Amino acid sequence: MGGLAVTSMTDPDRIWTEAAGRLRAEIGEGPFSSYIAPSAVRADGAGQLILVTPTAYARDWVRKNALRRMNELWLGLDGLSRRLEVRCRAEVGSPAPATAVVQGVVDTVVAAAAIPAATVAPVADGARAVRAAGLQERLTFDSFVEGQGNAFALAIAKQVASWADGHFNPVFFCGPYGYGKTHLLNAIAWEAQRLKPEAKVVYLTAERFLSTFVRAMQDRSTAAFKESLRSADMLLLDDVQFVGGKASTQEELLSTLTALIEDGKRIVLSADRPPTALSEVEPRLRSHLSAGLTCPVEPADRALKIAVAQNRLAAFARMGVVQGEAPREVLEQLVDRTPGSVRELEGAVNTLAAAAGMRLASLGVDEAAGLLGAALRGGPERRITVDEIQKTVAEHFNMKQADLLSERRTRAIARPRQIAMYLCKQHTTRSYPDIGRRFGGRDHTTVLHGVRKIEELLPADDQIARDVEALTRKLRG
Ligand SMILES: Nc1ncnc2c1ncn2[C@@H]1O[C@H](COP(=O)(O)OP(=O)(O)OP(=O)(O)O)[C@@H](O)[C@H]1O
C-alpha cells in the first residue's frame, strides 16, 4: 500500500479501497482481479454495508474464500465497527441501485409494496443513505465524462432532467453493458429532483419492478403499488430487458406507462438493446417503448476511457486515497491494457489507486504495471476475441471449433458452447446478438439463455466451475 496512514475511517469507499488493497496482497492477483476488483460496497436502506459482486458465482467464491478475512480487515479500519455482507448484483438490483424514490424519506412505493431492506442505497452516512434510497450519489452529471459515443445521450439526458416541454416521451437509452446507462438515469433523477423538489421522481430497475409487483400481488397490495407508480411525475426504469417473461407484469408495466404518458408524465428507460430488438417483450409494450426517442450510448473510445480514469483518480485524490495525478503514460497503459467496458476500467483504476496511494504522481510505467500485476491484461494485442475463446474452449473440451458453431445440440457440445458464450460475455464487449452471429448465426436469446444457464450452474456444479476457472486462466495468459 502506498503509505496510507489510516487509523479510524468511516467512509466506506475509503475503507473498501484500503481493505481491498490489503486483501489483494494476501489472496493474489488472479482471484483478486476476478472476484474482488469488480465488486463494490454499498449501503442498503437500513445502513447495512453490502459487498455487491457481479455474479452469483463471485458471491459464493467470496463467501467461501474471502469474506471472513475481508471482515477482519474491515473491522480493523472502520471507525464505526460495521460488518460486511455479500450479495450478487442480481439480488440487489443491477448494477447497484434497486429502487429509489428520490423524494421523501420513505415513499409510498417503499411503504406500500414493502420493498425489502435489500434495496441498495449509495454509500453514504445514515440519513443521507436512507433519503437517497437507492440512487448512487456518485452517479451525477458532474461525474459523467462526455465523449464521442455518449455526447448525444448526455445532451438528451440533460434535456429530460430539465423538465423541458415538448420533448420525446418515453426516452429510451440503449447500449452495451457497462458504458453508462445507469449512470445517466441516476444523473437525470438527481438533477430532475434538484430542479423540482416538489416533484415525485421514481427510479427502479425492471427486475425490482417485477419482484415488487409479484410481492404486491401476494400481499394483495397491488392497488397501492400501482398508485405509487402512477403518481410519479417522472419514472425511470433501468435494464428493461429483464422485464421479459411474465405476461401479467408486462401488462402491468404497459398500463402504468400508458397512464403516465397520457397524463403527460416523463418516462425514461434503459436496456442493453433498442426496444425493437427486445424480442421477449410483448409487441404492444415494445411499440410503446419505441414510441418516443431511442438514444444510443455507444462503447467508450480510448480518449473517453482515459478521461474517465483521470476523473476517477481525481475523485480518489479528493478523498485523500491518492496524492497527485497519474502520469499520462501510466494512464494510457492502464486503458490500453484494460479491454472491456468502463466498468472493468474502473476496477483497474481502483486497484491502481489502492496500490499506488501517495506515490501515484511519481509512478513509472513499469512500476505501475508491476503494481497492477495480473489486473492488467497482457497488452493491446492480448485483447481476448470471440475466436480465441472458441478455440480455447474447443481445445479444452477436445472438440473442434466448428462443433461450437454447428447446429448439433447434444449435451457434450451444447454445454461447452454455452460456456464459450458465457466467456464471450465476460471477456469481450460484444453484445448478445453479435455473439450469436459469431456462433453460427444464432439468435441473441439463445446466447442470453446460454449465459444465464452457466451463471446458474457455476455455484452448484464444481466441474463447470473448474472448467470456467481453467479457461479463464488460459485466456488471460
Ligand atoms: N462516460 C462516463 N463517465 C463516467 N463514468 C462512467 C461513464 N460511463 C460509464 N461510467 C461508469 O462505469 C460504470 C458502469 O456504468 P453503468 O453502470 O452506468 O453501465 P450500464 O450501461 O448501466 O451497465 P448495465 O447494462 O450493466 O446496467 C459506472 O460506475 C459508471 O459510473
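**Close-up views of a predicted model**

**View 1. Trp 163 and Pro 170 in one loop.** Trp 163 is found in the loop that runs between α8 and β6. This is a predicted model, and in it the phi angle of Trp 163 is near 60 degrees, a positive value in a residue that isn't glycine. Pro 170 also has its place in the loop between α8 (151-161) and β6 (171-174). The peptide bond that joins Asn 169 to Pro 170 is cis, with omega at about 0 degrees.

**View 2. The ligand and its shell.** Have a look at who sits around the ligand: there are 20 residues, and Gly 180, Lys 181, Thr 182, His 183 and Val 342 come nearest. Two elements, α9 (181-195) and α16, each give two or more residues to this shell. Sorted by character, the shell holds 8 nonpolar, 7 polar and 5 charged residues. Where does the ligand lie relative to domain 2 and domain 3? Domain 2 (99-296) and domain 3 (302-381) both give residues to the shell, so the ligand lies between them.

**View 3. Helix α14 crossing helix α16.** Here we zoom in on helix α14 (residues 302-319) and helix α16 (residues 342-356), whose axes come within 10 Å and cross at roughly 40 degrees. Because of that angle, α14 counts as oblique to α16. The crossing of the two is right-handed. On the α14 side, the contact is made by Lys 305, Val 308, Ala 309, Arg 312, Leu 313 and Phe 316. From α16 come Val 342, Leu 345, Glu 346, Val 349 and Ala 353. What kinds of residues make up the contact of α14 with α16? There are 8 nonpolar and 3 charged ones, with no polar residues. Val 342 is worth spotting twice: it belongs to this contact, and it is also one of the residues that come nearest to the ligand.

**View 4. Helix α15 crossing helix α17.** The last close-up shows helix α15 (residues 328-336) with helix α17 (residues 365-372); their axes come within 9 Å and cross at roughly 40 degrees. That angle is why α15 is described as oblique to α17. As for handedness, α15 and α17 make a right-handed crossing. Glu 329, Val 330 and Gln 333 in α15 are the residues that meet Val 365, Ala 368 and Ala 369 in α17. The residues of this contact between α15 and α17 split into 4 nonpolar, 1 polar and 1 charged.

Technical notes: Residues are numbered from 1 along each chain as its sequence is written. This is a predicted model: local features need pLDDT of at least 70, side-chain atom pairs count only at pLDDT 80 or more; totals for chains, interfaces and linings use all residues. Axes are lines fitted to C-alpha atoms, for helices over the stretch in contact, and angles run from 0 to 180 degrees between N-to-C directions. Helices (H or I, at least four residues) and strands (E, at least two) are DSSP runs, numbered from the N terminus. Angles under 35 degrees count as roughly parallel, over 145 as roughly antiparallel, 65 to 115 as roughly perpendicular and the rest as oblique. A crossing is left-handed if the near helix is turned anticlockwise from the far one by less than a right angle, and right-handed if clockwise. Two residues are in contact if their C-beta atoms, placed from the backbone, lie within 7 Å. Ala, Val, Leu, Ile, Met, Phe, Trp, Tyr, Cys and Pro count as nonpolar, Asp, Glu, Lys and Arg as charged, and the others, Gly among them, as polar. A residue is near a molecule or strand if its C-beta atom, placed from the backbone, lies within 6 Å of it. Domain bounds come from an automatic or database domain assignment.
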